[in-house]
Number of protein chains: 2
Amino acid sequence: MEAILKNEIKKNVSGKSVHELDSLFKPKAIAIIGASSKELSIGNVILKNLVHYGYTGKIYPINPKEPEVRGIKAYPTIFDVPGDIDLAHVIIPGKFVPQIIEDCGKRGIKSVIINSAGFSEMGEEGMALQTAFLTNAKKYGVRIFGPNCQGIINADPQYKAYCDFTFTFPKPGSISIVALSGGVGAFIMQSLFDLEIGMRMYASNGNACDVSISEVVNYYGEDEGTKAVILYTEGFHNPKEFMDVAQIVSKKKPILAMKAGRTEEGAKAAASHTGSLAGVDIATELIFEKTGILTFNNEEEMCQAAMAFSTQPIPKGNRVGIITNTGGPAVIATDELVSAGLQLPALSEKAKNILKETMLPEATIGNPIDVVATGGGKHFRSALDVLMDEETIDSVYINFVTAPFTDTDDVARNIVEVNKQNRKPIVCNFMTNMSLERFQVTAKILKDGGVPCYSFPTTAAKALGALYQYHQVQSRNIGEAKNFSDTNKAGAEKILEQAKNENREFLSSAATYQLLSHYNIPVADWRIAADANSAIQAAEEIGFPVVIKADAESLVHKSDMGGVAVNLKNADEIHATVERMKKSFDSKDLKFFVQKFLPGGRELIAGVSAKKDLGHLIMFGIGGIYVEVLKDVVFKISPVTEVEAKEMLSSIKTSKLLDGVRGEKGIHKHSVIEIIQRLSQLVTDFPEIQEMDLNPIMAFENKALVVDARIRI
Amino acid sequence: MEAILKNEIKKNVSGKSVHELDSLFKPKAIAIIGASSKELSIGNVILKNLVHYGYTGKIYPINPKEPEVRGIKAYPTIFDVPGDIDLAHVIIPGKFVPQIIEDCGKRGIKSVIINSAGFSEMGEEGMALQTAFLTNAKKYGVRIFGPNCQGIINADPQYKAYCDFTFTFPKPGSISIVALSGGVGAFIMQSLFDLEIGMRMYASNGNACDVSISEVVNYYGEDEGTKAVILYTEGFHNPKEFMDVAQIVSKKKPILAMKAGRTEEGAKAAASHTGSLAGVDIATELIFEKTGILTFNNEEEMCQAAMAFSTQPIPKGNRVGIITNTGGPAVIATDELVSAGLQLPALSEKAKNILKETMLPEATIGNPIDVVATGGGKHFRSALDVLMDEETIDSVYINFVTAPFTDTDDVARNIVEVNKQNRKPIVCNFMTNMSLERFQVTAKILKDGGVPCYSFPTTAAKALGALYQYHQVQSRNIGEAKNFSDTNKAGAEKILEQAKNENREFLSSAATYQLLSHYNIPVADWRIAADANSAIQAAEEIGFPVVIKADAESLVHKSDMGGVAVNLKNADEIHATVERMKKSFDSKDLKFFVQKFLPGGRELIAGVSAKKDLGHLIMFGIGGIYVEVLKDVVFKISPVTEVEAKEMLSSIKTSKLLDGVRGEKGIHKHSVIEIIQRLSQLVTDFPEIQEMDLNPIMAFENKALVVDARIRI
């Protein structure tokens, strides 16, 4: 399956090979079209940055008037440049861009970063310009990055390509960043710099008219030097493409992501600067969940987590051992670790016996191990060795306060030695005064030794929590969506065709239930009747009591209008009901939908909603007040696998109700899980279905049946 | 009321005046008993720190063998010291401490910091020593700080008293810290130092055998130089004392607090280092809520918030205006601000017209105001002026990225000028590269100008959220608990007396309902019957249908044992039930509790639980599955005021159910609010009540009645 998907991606993501982006990220020669001698102009800053950062390739400033820019020989046009050009920056007014792209194509330039603004973000006129240059680019196979963007950075010493006008010059490292917003991308890069962890590659692609975030993530996924990916977005142009990429990359390396615009007001703010992408929807969160992306609501926490990912192995489980030389911070750390799903197992007798020999008498031997403030390097070392050997421990959290009366360098050296063994992840809350030279030395030992150091226990604990979360991503296998072979796709197609021919927005009751039945979604037994007598006959076939629903195309909200009568126990009641409805609803196509009445079960709801360019969201919850008052529902993106359907049942807040409480019987979960999967298959087969409500599904101890449904196409 | 409370505190908090702690925090002369020439020993570090920090008073090292310590003249005993001594550090083995305290008393020393360990934290023997020195201290009125503690710091230039062995030397400022854990206190102090905000006073009091956290908070409350208090604790020795102090101090200045041990595992870790204080309980959280303390689960966020409190005024409402020069960070900030309860009002026409004149053409005029990256000082200034004048705006959030092509110093100067007007609070997310000299200058302008600067939008937004939260604390008035005069306290007392005389743990049914009735808590009509006939008579008096409950002292969980029969509609059913129960429960004192059966209402629960040294917690929730499955209950500390009782009803997750959903009628809230208040009055009058369960209370459209209750004394 993975291999198949990979092929799909090659097709999806621009239809070309990953190596195509090498000309963007690993250029051997760069032309700067619009290089300028004017200090602080973008055409100047980009040239300055390339030189300052030590770009290893050739730089060709393009300027029709100047013989040189910032001391580097300039050329009037790209055609005057003697050698090959991989990449061009374009920093000229928008109206000249289509022609320049044509020129780039002719000149054999493979990638172009368009820094200039004034395109799709500026309304119709800009959009026309964008379409024009894109047409030229496609003609020659030129890849466009941007427009209206910052650019890219490759910190690999082999390239040192700083194709950007920002002001942070990162050390080489293993974290790669891709950000829709240049402002956010820049401060994330700055944050990694401040944390003294290196960066690998950086990309902020503005309007993203050609090279997409998905394509960049895919490129980072294939890049061996990238250990983890940081992603910032406010939505996706092509969510399906992103999902395909993300679910492969996230298995190989962690993707840490943040999606802003999670509140209505935030989405509004996003709309004002990125246009069409925004909208408060839960789809992005669901994409992240389904594809195994680690989601953050706090960008500082995301950067702090990246620090741990940059040097530490992934834990094999959730069991953490704590070493501390001060009490309170261990309490704070414990709170946070436990909140993140980690456990603190008791130590084995063997471990305790070793520690009794090696620790100071005041030490506390347990988990946390309190080596006390006077504990030195050998005490930390023994505690670390014990935890590394302990089979029930998957990771280690350290509180290290630089007590003035200890040899803190020796403590640091011992932590580093164990860290270098790379057996289990270590994070360190390092509490010190960095303005004192003595402790700067200690800090440097830890940093150089690859120990992720934090200034607060909660921060360090959260970072370890993120490592564990990625362990969960790697171990989670949602499987593939089941393809039920007992469905009647052709029959369903016919029903939908007919509804389309009738120009219906909503399917008729009969069509709705027939469609469900074609996918073997169990429904309460039903008949359509034209009058009271045939309704009575239908009820006798089905068995009393029954429900009667007035059925006509115009009646969408029939229950609000008295069009539904429940618990009809005999022929007389049916007769009276039908006659009453006839009077109330003066519709030519009025029929009577007779259905088995099923009291006493648990009311469930399931639903479907089509999302543009993504597929469908499938919803599940418990009906009645639970959905009305508690909004206790859960969503997944179709196709929903069996694992995911089970997760839907178990992840609602009131999931206990499904097992039965207060002497009530539990429901037949298997039936509901199957309904969800069949629903998923139905909408995957028929993307034209816009909306479905199975509300309620009545669930009993031994079965679950749809008793009301609505389908919009 | 405030005046009365203040008097109470003076009594509660050590029974002495606030100024008593002046000898501790503002000492004019300090003796160091146990001063040592041994580098890195505590007796050496404390002396070194005092000198290094520039203590303005006299220092007397006490050492029986050395003529001088670290170049300062030493004395063999405190009796050899020529001048007055306010404060003594004691750093000698525990067994000598009782005698030394006796000596300190004789010598007229007013306060003693005992840094030495080996007292109550070390079991019985240590406890005996602690009791011994405390007896001596009380004899002479010596105040003891510690033992087993770090000490205090007063950064006020008038004193510069660094009576502590830690390693962070704060600049003078307006934030004071008190921490149970020295480890946590130290890193909080370090964090303020790293944030370049000053500190006022610091205290970490270890075993806290005399001077308590409450007393220190009270002292900070009275200290004019303290603008905000940071508190770290793992619980309280005397929660009542703390509450009395906190509710006065928190009205005067913000108290930012963190209580660790909020998970079971965290509490266990806390227990291992602070002993008796720990325990997962919600009482501390409730104390914080009731007294208006700002609670944090994240110590970094707490310190970041302190930075805003140190310079900014408190907003007058929740309406924030955003100024940004980059898109994405404004989206992130908006998300966080809205999550913190703030709103982004639209700008007035007047404001928009001004901005249309003053902004660059690319700017976005709205809220957020996007001055764009090329916006300079005058653009920021105009946006700031507009927001300061805007009546619908209470605070300002700024994103300021130091775009290389702008005069960032000019932007900073303009922000500072407006900040100095002190009209509305400002926070600034300042995104820059601090390793570049150019931006260090910009940063310094902002810092010196008192603008709280953060490195992440979420961080800055959270800090502004904290300022707003304090606005809410200041505006919230829970009022005083109502004292219902129609209660029969004497009658209730008699019932409880009798139960005590009978050595009962649980009150009998009759006593339970009588007690409730004495406090006019409405109960469903009831009778006690000895046999079937009298039960039938009782039912006829009450009116059918009825409930019958087997009633005997041994039957606590009667409903599990078949001791409850509901909905009995006639004499025959009563007869059969009574005879069955007689056979099932072979108890001599067996009686039959006959009560009106009340179906169809909404089941509510209320409860009470006594907390040592604090009073009672009062609980409220919706019964049945809501409490069982959703744990949807809320707690308050007694006495509960009307405002608080109302909050209890509105703050449960399912509060909408009380208003009626799906065509159901809402309940009579007023009755329930009164039941909660009367319950509170009852347990306040009778602290011996350990536990009460009113479960359920049946609530209807026009009334609410207790139908089952249990009281443990």
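Good morning. I begin with a term: the bend at a residue is the angle between two helix axes, one fitted to the seven residues ending there and the other to the seven starting there. With that in hand, helix H8 of chain A bends by about 25° at A:Ala246. Please bear in mind throughout that this is a predicted model.

Allow me to stay with this helix for a moment. H8 of chain A covers residues 239-252, which is 14 residues. From its first C-alpha to its last it reaches 20 Å, close to the 20 Å expected at 1.5 Å a residue. Is H8 of chain A largely enclosed or not? Ten of its 14 residues are buried, so the helix is largely enclosed by the rest of the structure. Among the buried residues are A:Pro239, A:Phe242, A:Met243, A:Val249 and also A:Ala246, the residue at which the bend is placed.

Let me now step back to chain A as a whole. Chain A contains 25 helices and 29 strands. Along the principal axes, its C-alpha atoms fill a box of roughly 95 × 80 × 40 Å. Of the 713 residues in chain A, 53% are buried. As for contacts in chain A between residues at least 6 apart in sequence, 73% of them join residues at least 24 apart.

I turn next to the nonpolar interior. In soluble globular proteins, nonpolar side chains tend to be buried together. Here the largest nonpolar core has 463 residues, and A:Ala306 and B:Ala306 have the most contacts inside it. Which residues does B:Ala306 touch? Leaving aside residues up to four places away in sequence, they are B:Ile175, B:Leu192, B:Ile197, B:Ala228, B:Ile230 and B:Leu256.

The next topic is strand pairing. Strands of a sheet pair through backbone hydrogen bonds, either parallel or antiparallel. Strand E5 of chain A, residues 87-90, is paired with two strands that I shall describe in turn. With strand E1 of chain A, residues 29-33, the pairing is parallel and consists of four bridges; within it, A:Ile33 stands opposite A:Val90. With strand E6 of chain A, residues 111-114, E5 again pairs in the parallel sense over four bridges, and A:His89 has A:Ile113 as its bridge partner. Both faces of E5 in chain A are covered: A:Leu87 and A:His89 are buried on one side, and A:Ala88 and A:Val90 are buried on the other.

In chain B, strand E6 holds B:Ser111. Is B:Ser111 buried or exposed? It has 26 C-beta neighbours inside 10 Å and therefore counts as buried. Its contacts beyond four places in sequence are B:Ser23, B:Leu24, B:Asp86, B:Leu87, B:Arg143 and B:Phe145. The C-alpha atoms of B:Ser111 and B:Glu20 are separated by 8.8 Å, although the two residues are 91 apart along the chain.

Chain B also offers an open sheet of four strands, in the order E20-E23-E21-E22, with antiparallel pairing. E20, residues 526-529, and E22 stand at the edges with a single partner strand each, so one side of each has no neighbour in the sheet. On average, neighbouring strands of this sheet are turned by 20° against each other, direction ignored. Four bridges join E20 to the antiparallel strand E23, residues 591-596, of chain B, and B:Arg527 stands opposite B:Val594 there.

The edge strand E22 of chain B, residues 564-568, contains B:Asn567. Phi of B:Asn567 is near 55°, a positive value in a residue other than glycine. With 11 C-beta neighbours inside 10 Å, B:Asn567 counts as exposed. A further positive phi, near 50°, is found at A:Lys631, again a residue other than glycine. A:Lys631 sits in the loop between helix H22 and strand E26 of chain A, and it is exposed, with 9 other C-beta atoms within 10 Å.

I close with two cis peptide bonds. Where does the one in chain A lie? It runs from A:Gly146 to A:Pro147, with omega near 0°, and A:Pro147 belongs to the loop between strands E7 and E8 of chain A. In chain B, a cis peptide bond joins B:Ser638 and B:Pro639, with omega about -5°. B:Pro639 is placed in the loop between strand E26 and helix H23 of chain B. Thank you for your attention.

Key:
Residues are numbered from 1 along each chain as its sequence is written. Chains are lettered from A and ligands numbered from 1 in the order in which they are written. This is a predicted model: local features need pLDDT of at least 70, side-chain atom pairs count only at pLDDT 80 or more; totals for chains, interfaces and linings use all residues. The expected span of a helix is 1.5 Å times one less than its number of residues. A residue is buried if 20 or more other C-beta atoms lie within 10 Å of its own, exposed if 12 or fewer, and partly exposed in between; C-beta atoms are placed from the backbone. Two residues are in contact if their C-beta atoms, placed from the backbone, lie within 7 Å. A nonpolar core is a set of buried Ala, Val, Leu, Ile, Met, Phe, Trp, Tyr and Cys residues joined through C-beta atoms within 7 Å. Two strands pair if DSSP finds at least two bridges between them. Axes are lines fitted to C-alpha atoms, for helices over the stretch in contact, and angles run from 0 to 180 degrees between N-to-C directions.
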